[in-house]
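Colleague: Please take me through one part of this model up close, the main hollow on its outside, and tell me what is built around it. I'm new to this, so explain the words as you go.

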Amino acid sequence: MIDLTEYERRGDFDAPFELTKKHERVQKESECIREAVRCDVAPLTWEAYVAGEPCPGCGLPYRDEEPWDSKGTMYFTEEERVRYDAEEARLKEAHGDCHAMRHSVSGSLTMHCGKCCPSPPLSPRQIEDLGRILGAPKQPHELMRWRLRLYCGHVVEKRSHYTHKTLHSAFTGSTSCPECGLDPATIVDGEAIGLVEEPPGVAKRVPAESPHRPAGTRKPTRAELEAKVRELEAEIERLRGS
């Protein structure tokens, strides 16, 4: 059985919704990170990439005709330093205002902007390897339901693997809102509310009957035992006075 007390509980859903400066700062940071890696340009298909089509974002090739040995800048030859500095200058002039990450293909010097240029597609082998690493789809009894209140104020339900017992490990601090579309939406309040389904066999499990208690009886509660003690004490006092 899952013990919900082992899961993080943040905030109070019964309290009035109020954003703090910390929530606003975290939301702004999440938006900056998302913008730095977001690219709205459709990537190439694997077939188009193999055929040598250029990046659909900037029009430059992913794979250079002249090979490039990726190594630390301290090991550059004079010629390699000139090539590298020229490429750095080109990227800065073309994408200096994007404030995004950069990416390139192994063996090529040409750099691409993470905001304007989609990453090269994965090969069929890479997709197969990832599928093997990630494994089969998770079963309902392996998924924990979380109740979340988001930066936008909406209260939604999300799911994560039951082994993630903090909001950060389950959702990395933010998620998308299905109500208004805000993405990312910082998680303000959150609590685990139970598995999607109970594990197989749990609902049908019947406790074994005690060999010292007749079938169909139950163990008395503490309150019932205390009441019984009071009755016996009263009976003893009555007998003493008779």
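Modeller: Let's start with the words for the building blocks: helices (H or I, at least four residues) and strands (E, at least two) are DSSP runs, numbered from the N terminus. This is a predicted model, where local features need pLDDT of at least 70 and side-chain atom pairs need 80 or more, while totals for chains, interfaces and linings use all residues. Residues are numbered from 1 along each chain as its sequence is written, and side-chain values use heavy atoms, leaving out hydrogens and water.

First, the setting. The protein chain has six helices and six strands, and from the N terminus on they run α-α-α-β-β-α-β-β-α-β-β-α. Of its 242 residues, 25% count as buried (under 20% relative accessible area; exposed is over 50%, partly exposed in between, with a 1.4 Å probe and protein chains only). Contacts (heavy atoms within 4.5 Å) often join distant parts of the chain: among those with a separation of 6 or more, 60% are between residues 24 or more positions apart.

Now to the hollow itself. The largest pocket holds about 180 Å³ of space. A pocket is an open set of points on a 1 Å grid over the protein atoms alone, with protein on both sides within 12 Å along at least five of seven lines, and its lining residues have an atom within 4 Å of a point. Its volume is the space filled by probe spheres set on the points, which are joined across faces, edges and corners.

Who lines the largest pocket? Look for Arg10, Lys22, His23, Val26, Gly173, Thr186, Ile187 and Val188. Helix 1 (21–37) and strand 6 (185–195) are the elements that give two or more residues to this lining. By type, the lining divides into three nonpolar, three polar and two charged residues (Ala, Val, Leu, Ile, Met, Phe, Trp, Tyr, Cys and Pro are nonpolar, Asp, Glu, Lys and Arg charged, the others, Gly among them, polar).

Take the helix side of the pocket next. Val26 lies in helix 1 and, at 26% relative accessibility, counts as partly exposed. Follow the chain from Val26 to Thr186 and you cover 160 residues, yet their C-alpha atoms are 7.0 Å apart in space.

Over on the other side is strand 6. Ten of its eleven residues are buried, so strand 6 is largely enclosed by the rest of the structure. Strand 6 belongs to an open sheet of four strands in the order 4-3-6-5, with antiparallel pairing (two strands pair if DSSP finds at least two bridges between them). Strand 4 (155–161) and strand 5 stand at the edges with a single partner strand each, so one side of each has no neighbour in the sheet.

Walk along the sheet and the pairings go like this. Strand 3 (residues 143–150) is joined to strand 6 by seven antiparallel bridges, and here the pocket residue Ile187 is the bridge partner of Leu150. Strand 3 also pairs with strand 4 in the antiparallel sense, over seven bridges, with Leu143 standing opposite His161. On its other flank, strand 6 is joined to strand 5 (residues 174–175) by two antiparallel bridges, one of them pairing Ala185 with Thr175.

The loop between strand 5 and strand 6 has a twist worth spotting. Pro184 lies in that loop, and the peptide bond from Asp183 to Pro184 is cis, with omega near 5°. Most residues other than glycine have a negative phi, and most peptide bonds are trans. The other half of that rule has an exception at Thr172, which has a positive phi of about 55° although it is not a glycine. Thr172 sits in the loop between helix 5 and strand 5 and counts as exposed at 58% relative accessibility.

Finally, step back to helix 5 (residues 167–171), where you'll find His168. Is His168 buried or exposed? His168 is exposed, with a relative accessible area of 55%. Leaving aside residues up to four places away in sequence, His168 touches Glu8 and Gly173, and Gly173 is one of the pocket-lining residues. The C-alpha atom of His168 is 9.3 Å from that of Ile187, 19 residues away along the chain.

Key:
1 Å grid on protein atoms, 1.4 Å probe; cavity = no way out; pocket = protein on both sides within 12 Å on 5 of 7 lines; lining within 4 Å.
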